[in-house]
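Reader: I am new to this structure and would be grateful for a close look at a single part. Please choose one, describe it in detail, and then place it within the whole.

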Amino acid sequence: MESYPNVFIFDHPLIKHKVSILRDKNTGMKEFRELVEEITTVMTYESMKDVALVPVEVETPLEKTVQYRVPEESVAIVPILRAGLGMVNGVHRVFPTARVGHIGMYRDEETLEPREYYCKLPDGIEGKTVFLVDPMLATGGSACDALAALKRRGCRDIRFMAIIAAPEGIAAVAKAHPDVRVYVSTLDRGLNEHGYILPGLGDAGDRLYGTK
Ligand code: PRP
Ligand code: URA
C-alpha cells in the first residue's frame with residue numbers, strides 16, 4: 001500500500017492478539033463489545049503522543065510542584081452510528097468528561113454509498129480535538145462524509161480511529177482529507193464484492209448489538 005504521512009498503522013503484538021479474538025465468529029457479543037472498548041483505549045493513548053500539555057501546580061504530600069496535564073475539556077468524541085458507538089467508552093476511559101456528538105450513517109447495500117441520517121454535535125466542537133471513531137474503514141465512504149460534516153461545522157483538529165481498515169478505505173480518506181490524522185489498529189487485505197473487509201470480522205454493528 002502507498003504510504004501516507006498522516007496515516008498511522010499500529011503494529012503491536014497485543015493488539016494483534018485482541019483483534020484475532022474479535023475476528024473469530026465464535027466470539028460472543030459481550031466479549032466483542034469489551035474488546036472493542038479495550039482496543040480503543042490503547043489506540044487513544046497511542047494517538048495522543050503529540051498532544052500539547054498545559055502546566056498545572058500540584059501539591060504533593062511533600063511539596064508544591066509544576067506538572068503537566070491535557071486540558072480535558074479540549075477533547076470531543078464523535079462516533080459514526082451505529083458501530084462507532086462501541087468505541088465511545090474506550091475514549092471516555094481516557095477522557096471521562098469529553099462531550100459526545102453523533103453522526104448517523106448507513107451504507108446503501110447496493111451502491112455502498114453512505115447515507116447520512118443524523119447529525120448532532122456539541123456546541124464549541126470546532127475548537128476541540130475531535131476523535132471520530134468507527135471500528136471499520138472499508139471503502140472509506142462513511143468516514144469521508146463524516147469528516148466533511150465535521151469540517152463544515154468548523155472542526156480543524158480531527159483524528160479518525162478505526163480498528164480494522166482496508167487499503168481502499170485508507171487511500172480514500174488520505175486523498176480526500178490529507179490533513180486528518182488516521183489511526184488504524186490493523187490493516188487488512190482488501191474488500192469483497194459486497195464491500196466487506198477481508199479477512200475482517202463481519203458486520204461490526206451486528207456483532208456489537210446482536211442484530212441480523
Ligand atoms: C459500517 C461501519 C462503517 C461503514 C464502513 O457501517 O461501521 O460505518 O460500514 O464502510 P465504508 O468504509 O465502506 O463506508 P454500516 O453501514 O454497516 O452501518 P451500521 O454501523 O449501522 O451497521
Ligand atoms: N462494515 C462492516 O461492519 N464490516 C465490513 O467488513 C465493512 C463495512
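Author: A residue is called buried when its relative accessible area is under 20%, exposed when that area is over 50%, and partly exposed in between, using a 1.4 Å probe and the protein chains only. By that measure K212 is exposed, because its relative accessible area is 84%. K212 belongs to the segment after α6, and its phi is near 75°, a positive value in a residue other than glycine.

The model is a predicted one, in which local features need pLDDT of at least 70 and side-chain atom pairs count only at pLDDT 80 or more, while totals for chains, interfaces and linings use all residues. Residues are numbered from 1 along each chain as its sequence is written, chains are lettered from A and ligands numbered from 1 in the order in which they are written, and side-chain values use heavy atoms, with hydrogens and water left out.

The part chosen for the close look is the loop between β4 (75–81) and α3 (85–92), where G84 is placed, together with α3 itself. Helices (H or I, at least four residues) and strands (E, at least two) are DSSP runs, numbered from the N terminus. R82 also has its place in the loop between β4 and α3. A cis peptide bond, with omega about -5°, joins L81 to R82.

Is G84 buried or exposed? G84 is buried, since its relative accessible area is 0%. Contact here means heavy atoms within 4.5 Å. Not counting residues up to four places away in sequence, G84 touches P79, V133, D134 and P135. A further relation joins distant parts of the chain: G84 and M136 are separated by 52 residues in sequence, yet their C-alpha atoms are 8.5 Å apart in space.

Next comes α3, whose buried residues are G86, M87, V88, G90 and V91. They pack against α2, β4, β5 (99–100), β8 (129–133), β10 and α6. One residue of α2 illustrates this setting. T41 is found in α2, which spans residues 29–47. With a relative accessible area of 10%, T41 is buried. Leaving aside neighbours within four places in sequence, T41 is in contact with G90, R93 and V94; G90 is one of the buried residues of α3.

The surroundings may now be widened to two other helices. Helix α4 (residues 141–152) has 12 residues and reaches 17 Å from its first C-alpha to its last, close to the 16 Å expected; the expected span is 1.5 Å times one less than the number of residues. The buried residues of α4 are G141, S142, A143, C144, A146, L147, A149 and L150. After α4 comes G154, whose phi is positive, near 100°.

In α5 (residues 167–176), the buried residues are G169, I170, A171, V173 and A174. Their cover includes β1 (7–9), β9 (136–137), α4, β10 (157–165) and β11. T186 has its place in β11, which covers residues 181–187. T186 counts as buried because its relative accessibility is 15%. Beyond four places in sequence, the residues in contact with T186 are I15, V19, R23, I163, I164 and A165.

Two further backbone features lie in other loops. L198 and P199 are joined by a cis peptide bond with omega about -5°, and P199 lies in the loop between β13 (197–198) and α6 (204–209). L112 has a positive phi of about 65° although it is not a glycine; its place is in the loop between β6 (102–107) and β7 (114–120).

Finally, the protein as a whole. The protein contains 6 helices and 13 strands. Its radius of gyration is 17 Å, close to the 17 Å that the globule rule gives for 212 residues, so the protein is as compact as a globular protein of that length. That radius is taken over C-alpha atoms, and the rule is 2.2 Å times the number of residues to the power 0.38. Along the principal axes, the C-alpha atoms fill a box of roughly 65 × 40 × 35 Å. Of the 212 residues, 46% count as buried. Among contacts with a separation of 6 or more, 65% involve residues 24 or more positions apart.
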